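Student: I have just opened this entry and would like a guided look at it. Could we go through it together?
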Amino acid sequence: LAAWPGPSAEQREPPGARARRGPRWIRGGWQEILDATVSALQGGGLVAVPTDTIYGIAGLAQSSGAVHKIYNLKGRNGGKPLAICLGDVEHIYRYCHVNVPEELLRDLLPGPVTLVLQRSEGLNKDLNPFTSLVGVRIPNHTFIREVAQACSGPLALTSANISTRASTLTVSEFQDLWPQLSLIIDGGAIGDIQSPECRLGSTVVDLSVSGKYTIIRPGCALTPTVEILGKKYGLTSEPSCS
């Protein structure tokens with residue numbers, strides 16, 4: 001891993017100036033970079049992190065300021081929800097109402113799947129205030145899980161790209177976002193950068209209705225996800241409204 005700290009307010013560089021020069025990288029041990037990432041998040045910043053699917057942008061989900069920063073950075077439609085990222089399956093119960101067996105959760109997570117569940121009162125009301133649901137990610141990537149475990153609450157997680165643009169598999173692919181980030185974690189290329197399938201992102205499945213599942217986005221893990229939900233647990237597939 002390598003980490004680059006984004007520009008501080010005191011530097012007052014013109015927008016994009018640092019990105020044009022290239023990042024100033026810090027190379028250190030795992031714990032050093034983990035501590036720097038947690039510190040940046042707890043300071044209200046946004047960080048770019050590798051996941052098991054694509055690069056993501058993370059901020060503290062319980063911080064309304066960080067949530068607003070994510071929407072501004074991506075130019076994202078305010079009615080499009082953000083997922084939360086957690087470090088462990090047991091943490092899901094703090095922020096969601098779960099109506100499937102815990103074994104099912106553990107069969108899918110950690111992994112390249114986003115589970116959409118009923119949110120609980122424990123989640124920041126400014127995060128997706130327009131819906132009673134929330135998507136939950138526990139990536140199969142040790143670094144981001146350790147970051148989530150070290151933070152006091154969930155991370156808000158979204159793809160590291162401007163909305164409507166392709167997802168990113170290397171840090172150089174989102175250079176236009178560098179100046180607005182507190183920290184960039186370079187974990188190398190994720191998958192085959194020439195393969196469109198590697199940019200699909202996680203499979204998104206709605207499990208908010210007992211006994212049923214709805215595929216919201218096929219993503220990169222559709223077949224094994226459907227096998228687990230349908231064949232192992234007997235859930236019934238419902239068509240997506242979108």
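Tutor: Certainly. Please keep in mind that this is a predicted model. We may begin at glycine 44, which follows helix H2 and has a positive phi, near 90 degrees.

Student: Where does H2 run, and how far apart are its ends?

Tutor: Helix H2 covers residues 30-42, and its end C-alpha atoms are 18 Å apart. That agrees with expectation, because 13 residues at 1.5 Å a residue should span 18 Å.

Student: Which residues of H2 are buried?

Tutor: They are Ile33, Leu34, Thr37, Val38, Ala40 and Leu41. These residues cover an arc of only 160 degrees around the axis, so they sit on the same side of H2.

Student: Why would residues three or four places apart point the same way?

Tutor: An α-helix has 3.6 residues a turn, so residues at that spacing point the same way.

Student: And what covers the buried residues of H2?

Tutor: The cover includes five strands and a helix that are scattered along the sequence. Among them are strand E1 (2-5), strand E2 (47-50) and strand E3 (55-60). Helix H6 (142-150), strand E8 (155-159) and strand E9 (183-186) also contribute.

Student: What about H3: which of its residues are buried?

Tutor: In helix H3, residues 64-74, the buried ones are Ala66, Val67, Ile70, Tyr71, Leu73 and Lys74. Seen down the axis, they fall within an arc of 165 degrees, so they line one face of H3. Their cover includes E3 and E8, and both of these strands also help to cover the buried residues of H2.

Student: What comes just after H3?

Tutor: Glycine 75 does, with a positive phi of about 65 degrees.

Student: Which residues other than glycine have a positive phi?

Tutor: Two examples are asparagine 128, with phi near 55 degrees, and threonine 164, with phi of about 80 degrees. Asparagine 128 is in the loop between E6 and strand E7 (133-137), while threonine 164 is in the loop between E8 and E9.

Student: Are those two buried or exposed?

Tutor: Asparagine 128 is buried, with a relative accessible area of 1%. Threonine 164 is exposed, and its relative accessible area is 85%.

Student: Changing topic, where is there a cis peptide bond?

Tutor: The cis bond joins leucine 109 and proline 110, and omega is about -5 degrees. Proline 110 belongs to the loop between helix H5 (102-108) and strand E6 (113-119).

Student: Now the whole chain, please. How many helices and strands does it have?

Tutor: There are seven helices and 12 strands. The C-alpha atoms fill a box of roughly 55 × 40 × 35 Å along the principal axes.

Student: What does the radius of gyration say?

Tutor: The chain has a radius of gyration of 18 Å, which agrees with the value near 18 Å for a compact globule of 242 residues. Buried residues make up 51% of the chain. Of the contacts with a separation of 6 or more, 63% are between residues 24 or more positions apart.

Student: How much surface does the chain expose?

Tutor: About 11,000 Å², of which carbon and sulfur atoms supply 51%.

Student: Last one: which domain does UniProt place here?

Tutor: An unreviewed UniProt entry gives "domain: YrdC-like" at residues 31-221. That span is 23% helix and 24% strand, and its end C-alpha atoms lie 31 Å apart.

Conventions
Residues are numbered from 1 along each chain as its sequence is written. This is a predicted model: local features need pLDDT of at least 70, side-chain atom pairs count only at pLDDT 80 or more; totals for chains, interfaces and linings use all residues. Side-chain values use heavy atoms; hydrogens and water are left out. Helices (H or I, at least four residues) and strands (E, at least two) are DSSP runs, numbered from the N terminus. The expected span of a helix is 1.5 Å times one less than its number of residues. Buried means under 20% relative accessible area, exposed over 50%, partly exposed in between (1.4 Å probe, protein chains only). The arc is that of the directions from the helix axis to the C-beta atoms. Contact means heavy atoms within 4.5 Å. The radius of gyration is taken over C-alpha atoms; the globule rule is 2.2 Å times the number of residues to the power 0.38. Accessible areas come from the Shrake-Rupley method with a 1.4 Å probe; for residues, only the protein chains shown count as cover. UniProt positions are given in the numbering used here, feature names are shortened, and annotations may be inferred rather than shown by experiment.
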